[in-house]
Amino acid sequence: MLTRPRLRFFTALRSPISTRRLATESRLASDHVRIVEVGPRDGLQNEKQSISMETKLDMIQRLAKTGVTTIEAGSFVPAKWVPQMASTSEICQKLLVSPPSAQHTIAYNYLVPNIKGLESLVKIMDETGVPADATGVDSKAATTTEISLFAAATEAFSKANTNCTIAESLERIKPIVALAKTRNIRVRGYVSVALGCPYEGPEVNPSTVADITASLLEMGADEVSVADTTGMGTAPRTMELLQALKAAGIANTDLALHFHDTYGQALVNTLVGLEHGIRIFDSSVGGLGGCPYSKGATGNVSTEDLIHTVHSLGMHTGVNLEEMSRIGSWISGELGRANDSRAGKATLGRLSG
Ligand code: HMG
Ligand code: MG
């Protein structure tokens with residue numbers, strides 16, 4: 001039986017206004033939470049009905065106007081593995097040639113499972129002549145191109161999701177990072193099933209997660225998103241995992257958290273992450289999402305709920321909750337599914353009332 005760490009429960013998060021006014025730049029920075037919007041990729045990859053390229057592009061264009069600074073726009077995977085991502089090349093080409101208008105720099109991120117995926121992205125960048133770090137006419141509206149690659153914390157999930165062992169997947173990642181670096185492409189790593197595996201159960205070893213995270217950072221990943229793919233994570237086990245990452249010498253600034261909300265624990269676990277000092281969180285508008293190789297797992301924490309929670313703590317995201325709520329309602333309608341964001345529905349209800 002594992003002994004779980006005790007939680008301090010979030011008393012330190014909200015500093016008095018006077019303290020916040022006196023804050024230094026670094027203190028202010030620590031009040032900022034960066035949201036990585038994964039809706040157009042994680043959100044759509046598991047949808048059963050076919051979604052047109054135009055709808056996906058429309059979704060990304062709408063998201064670009066909300067203030068969010070990183071958008072996962074698709075993945076370069078074989079269509080036979082994930083059919084919904086088949087239009088990623090076309091979307092990428094359009095985003096490079098005519099990036100959506102925005103008041104700030106936006107990073108468009110693409111998931112790549114292997115070197116072939118990155119080569120497909122690089123080919124499009126070469127054909128369009130747009131570098132990874134492109135400054136627009138209005139320098140505030142620059143775009144950058146990023147990739148995400150992924151490993152798993154259990155052998156069974158690694159086999160199901162990437163058709164190889166954990167060790168093979170890490171070997172596969174090395175040349176991807178090397179090629180990305182030659183092209184100035186920022187690299188995000190994912191460690192899937194960090195808090196529970198659909199095949200091996202909830203007790204995933206935190207030190208395995210820490211080892212894989214450290215390996216990705218040592219290879220050159222700029223940030224690693226530790227993912228609760230199944231939503232099995234609980235507050236004590238999230239704390240235990242974060243402590244293991246810290247004990248392995250991994251800095252909070254190198255980490256993001258990615259919670260699926262299957263058991264309704266995503267926001268609870270987000271609070272644990274915030275208290276621990278993590279400031280990058282992945283979420284999906286309307287609570288869309290799921291992994292085709294994680295049966296029974298539901299969507300990511302909704303971006304609207306995440307914004308609402310972070311703002312309620314006196315912290316900021318730079319993302320407009322009302323705009324995000326409208327997108328959540330719109331895309332849920334397009335997909336013919338219920339809007340899974342409580343804060344999104346409440347925000348729209350308040351606006352219409
Ligand atoms: P494989 O079948 O072992 O690949 O799949 P392969 O190298 O043997 O190639 C088989 C065929 O696919 C060949 O074509 C290749 O050319 C082609 P054929 O000769 O048969 O005509 N191929 C490709 N085509 C297009 N793009 C490519 C590519 N690579 C090979 N990139 C592979 C291995 C890694 C490709 C496969 O296992 C795969 O695509 N896995 C990804 C599955 C996936 O996308 N899962 C969901 C995303 S991860 C996720 O959701 C978790 C996350 O959200 C965090 C979390 O919540 O945990 C990130
Ligand atoms: Mg996911």
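## Metal site and ligand pocket

D42 is buried, and H258 is buried too. In this predicted model, both of them bind a metal: the magnesium ion (ligand 2) is coordinated by D42 through OD and by H258 and H260 through NE2, at 2.0 to 2.3 Å. Read along the chain, these donors follow the spacing D-x215-H-x1-H. D42 sits in helix 3 (residues 39-45) and H258 in strand 8 (residues 255-259), so the pair ties together parts that are 216 residues apart in sequence.

Now for the other ligand. Ligand 1 takes up the space of the largest pocket. Which elements give two or more residues to the shell around ligand 1? They are helix 3, helix 6 (115-128), helix 7 (155-162) and strand 6 (186-192). Helix 3 provides the largest share of that shell, with three residues. So helix 3 turns up twice here, since it also holds the magnesium donor D42. In total, 26 residues surround ligand 1, and the closest are Q45, N114, N163, S192 and T229.

Here are some polar contacts to ligand 1, if you want pairs to look at in the viewer:

| Residue | Protein atom | Ligand 1 atom | Distance |
|---|---|---|---|
| S192 | polar side-chain atom | oxygen | 2.7 Å |
| F76 | polar backbone atom | nitrogen | 3.0 Å |
| G117 | backbone N or O atom | nitrogen | 3.4 Å |

Taken alone, ligand 1 exposes 1,100 Å², and the protein buries 73% of that.

Next, a couple of backbone angles. Most residues other than glycine have a negative phi. Against that background, N163 has a positive phi, near 60°. N163 is also one of the closest residues to ligand 1, and it lies in the loop between helix 7 and helix 8 (166-182). Is N163 buried or exposed? With a relative accessible area of 47%, N163 is partly exposed, because that value falls short of the 50% that an exposed residue has to exceed.

N184 is not a glycine either, yet its phi is positive at about 65°. N184 lies in the loop between helix 8 and strand 6. At 59% relative accessibility, N184 counts as exposed, because the value is over 50%.

One last stop is L321, which lies in helix 13 (residues 321-335). L321 has a relative accessible area of 16% and is buried, because that is under 20%. How far is L321 from T298 in sequence and in space? The two are 23 residues apart in sequence and 22 Å apart in space, C-alpha to C-alpha.

Definitions and conventions
Residues numbered from 1 in each chain as written. Chains lettered and ligands numbered in written order. Predicted model: local features only at pLDDT ≥ 70, side-chain atom pairs only at ≥ 80, totals over all residues. Heavy atoms only, no water. Donors = N, O, S within 2.8 Å, 3.2 Å for Na, K, Ca; no water. Helix = DSSP H or I, 4+ residues; strand = E, 2+ residues; numbered from the N terminus. Buried < 20%, exposed > 50% of the residue type's maximum accessible area, 1.4 Å probe, protein only. Near = heavy atom within 4 Å. Polar contact = N/O pair within 3.5 Å; in protein donor to acceptor, adjacent residues only side chain to side chain. Areas by Shrake-Rupley, 256 points an atom, 1.4 Å probe, with all protein chains shown as cover. 1 Å grid on protein atoms, 1.4 Å probe; cavity = no way out; pocket = protein on both sides within 12 Å on 5 of 7 lines; lining within 4 Å. Sits in = over half its atoms within 2 Å of the grid points.
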